[in-house]
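Visitor: I would like a close look at a single part of this model. Please take one strand and go through its surroundings step by step.

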Amino acid sequence: MNRQFYGEEYSDLKRKKKGNPQLITLGDLYRILRKAWCKETAYPACQAEWVPSDPSYGQCAVTAMLVCDMFGGTIHRIRVSGGGPHYFNRIDGHTIDLTVEQFDLYHIPVRYEPNEEIPRQYCGKNADTAKRYKLLIERIAGLL
């Protein structure tokens, strides 16, 4: 694998909202997410195929929400090869995608343009997504 996540060169980006001192940078968040992501935090349609060796699979919406909440910026949505939606972030004009690895493993190309900006409230409106987001927060807290 050539990269950890798209925008890895911004892994030293510091969070804009106060929180746990162990999670200061985007890189800190990425490292803890790799341990916190699980089958139950993945999108329901992805859960049957989720495996620990591909932890970012199905995690894009809850991860994009978390990045937005901690680091600011905006959430964006694209369609990847095969037609599925994929969420990522823009922070200070930089594209950040902590879950791109799920596509790299299967050689699925990801193009970030064109994209649609999605309001943060929209992502958390779905009850299942809100539940998975809460579980992800709890799992992160348990690892710190």
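Guide: What follows is a walk around one strand, its partners and the helix beside it. The model is predicted.

The strand is β2, residues 85-91. Of its 7 residues, 6 are buried, leaving the strand mostly covered. β2 belongs to an open sheet of 4 strands, ordered β3-β2-β1-β4 and paired in the antiparallel sense. The edges of this sheet are β3 and β4 (116-118), each of which pairs on one side only. On average, neighbouring strands are turned by 40° against each other, direction ignored.

Take the β1 side of β2. Strand β1 covers residues 74-79 and runs antiparallel to β2, with 6 bridges joining the two. Two of the pairings can be named: I75 has N89 as its bridge partner in β2, and I78 stands opposite H86.

On the other side is β3, residues 94-96, which pairs with β2 over 3 bridges, again antiparallel. Here R90 stands opposite T95. β2 and β3 form a hairpin with 2 residues between them. D92, in the turn, has a positive phi of about 50°.

The sheet also carries a helix. α2 packs on it and touches both β1 and β2, its direction making about 15° with that of β2.

One residue of the strand ties several of these pieces together, namely N89, which lies in β2. N89 has a relative accessible area of 3%, and because the cut-off for buried is under 20%, N89 counts as buried. A polar atom of the N89 side chain lies 2.9 Å from the backbone oxygen of A64. Beyond its neighbours within four places in sequence, N89 is in contact with A64, V67 and C68, with T74, I75 and H76, and with H94, T95 and I96.

Helix α2, residues 60-71, has a further partner in helix α5, residues 127-143. Their axes come within 9 Å and cross at roughly 65°. The crossing is right-handed. On the α2 side the contact is made by A61, V62, M65, L66 and D69, and on the α5 side by T129, R132, Y133, L136, I137 and I140. By type, the contact residues divide into 8 nonpolar, 1 polar and 2 charged.

To put the part together: β2 has β1 and β3 as antiparallel partners, and α2 touches β2 while also crossing α5.

Notes
Residues are numbered from 1 along each chain as its sequence is written. This is a predicted model: local features need pLDDT of at least 70, side-chain atom pairs count only at pLDDT 80 or more; totals for chains, interfaces and linings use all residues. Side-chain values use heavy atoms; hydrogens and water are left out. Axes are lines fitted to C-alpha atoms, for helices over the stretch in contact, and angles run from 0 to 180 degrees between N-to-C directions. A crossing is left-handed if the near helix is turned anticlockwise from the far one by less than a right angle, and right-handed if clockwise. Contact means heavy atoms within 4.5 Å. Ala, Val, Leu, Ile, Met, Phe, Trp, Tyr, Cys and Pro count as nonpolar, Asp, Glu, Lys and Arg as charged, and the others, Gly among them, as polar. Buried means under 20% relative accessible area, exposed over 50%, partly exposed in between (1.4 Å probe, protein chains only). Two strands pair if DSSP finds at least two bridges between them. A polar contact is a pair of N or O atoms within 3.5 Å; within protein, one must be able to donate a hydrogen and the other to accept it, and residues adjacent in sequence count only if both atoms are side-chain atoms.
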